Amino acid sequence: MTRVQLIIPDEDRDRFVHQARRDGLTFSAWLRAAAHDRLESRQRAERFKSPEDLRRFFEECDARRGPGVEPDWEEHLQTLHESMTSGLPDV
């Protein structure tokens with residue numbers, strides 16, 4: 001088991017310890033449970049529940065993309081090459 005040091009304001013610690021006692025848990029167990037709850041809620045939020053959710057996600061991505069066209073791969077390679085060779089002596 002790993003020990004983790006956590007720095008929090010005294011007021012937060014007091015509130016957390018109070019709630020842990022109300023829940024019948026040690027402070028450490030309460031923090032672990034809170035972290036697990038948060039992780040699970042984030043993981044649930046990231047999953048697509050239907051093909052419609054997936055379609056909507058990509059529509060939102062397209063809307064955020066903004067104006068302009070992504071350069072093609074050859075333009076990316078040329079930009080990389082110019083960046084890597086800038087400042088080098090011509091040989």
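## The largest pocket

On a 1 Å grid over the protein atoms alone, a pocket is an open set of points where a 1.4 Å probe fits, with protein on both sides within 12 Å along at least five of seven lines, and its lining residues have an atom within 4 Å of a point. In this structure, the largest pocket holds about 400 Å³ of space (grid points are joined across faces, edges and corners, and the volume is what probe spheres set on them fill). The model is predicted, so local features need pLDDT of at least 70 and side-chain atom pairs count only at pLDDT 80 or more, while totals for chains, interfaces and linings use all residues. Residues are numbered from 1 along each chain as its sequence is written, and side-chain values use heavy atoms, with hydrogens and water left out.

Which residues line the largest pocket? Start at the beginning of the numbering: Met1, Thr2, Arg3, Val4, Gln5, Leu6 and Ile8 are among them. Arg13 is on the list too, along with Phe27, Ser28, Leu31 and Arg32. The biggest share of this lining comes from helix H2, with four residues.

## Helices and the glycines after them

Helices here are DSSP runs (H or I, at least four residues), numbered from the N terminus. How well does the length of H1 agree with what its residues should span? H1 covers residues 10-22, and because each of its 13 residues counts for 1.5 Å, it should span 18 Å; its end C-alpha atoms are indeed 18 Å apart. (The expected span is 1.5 Å times one less than the number of residues.) After H1 comes Gly24, with a positive phi near 75 degrees.

Helix H3 passes this check as well: its 15 residues should span 21 Å, and its end C-alpha atoms are 21 Å apart. Gly66 follows H3, and its phi is positive, near 85 degrees. For H4, the 13 residues should give 18 Å, which agrees with the 18 Å between its end C-alpha atoms. H4 has a glycine after it too: Gly87, whose positive phi is near 85 degrees.

## A salt-bridge network in H3

Now have a look at H3, residues 51-65. Glu52, Asp53, Arg55, Arg56 and Glu59 are linked in a network of salt bridges (a side-chain nitrogen of Lys or Arg within 4 Å of a carboxyl oxygen of Asp or Glu). By that rule, the count comes to six salt bridges.

You can walk through part of the network. Arg55 meets Glu52 in a salt bridge at 2.2 Å, N to O, and the two sit three residues apart in H3, about one turn of the helix. Glu52 also meets Arg56, this time at 3.4 Å; being four residues apart in H3, they are separated by about one helical turn. An α-helix has 3.6 residues a turn, so residues three or four places apart point the same way. Arg56 in turn pairs with Asp53 at 2.6 Å, again three residues away in H3.

Are these side chains buried or exposed? Something in between: Arg55 is partly exposed because its relative accessibility is 39% (buried means under 20% relative accessible area, exposed over 50%, partly exposed in between, with a 1.4 Å probe and protein chains only). Glu52 is partly exposed at 34%, as is Arg56 at 37%. Asp53 counts as partly exposed too, at 21%.

## Two more residues to find

Phe48 sits in the loop between H2 (27-46) and H3. With a relative accessible area of 43%, Phe48 is partly exposed.

His81 is in helix H4, residues 73-85, and at 44% relative accessibility His81 counts as partly exposed. How many ångströms separate His81 from Thr26? C-alpha to C-alpha, they are 58 Å apart in space, with their places 55 residues apart in sequence by number.
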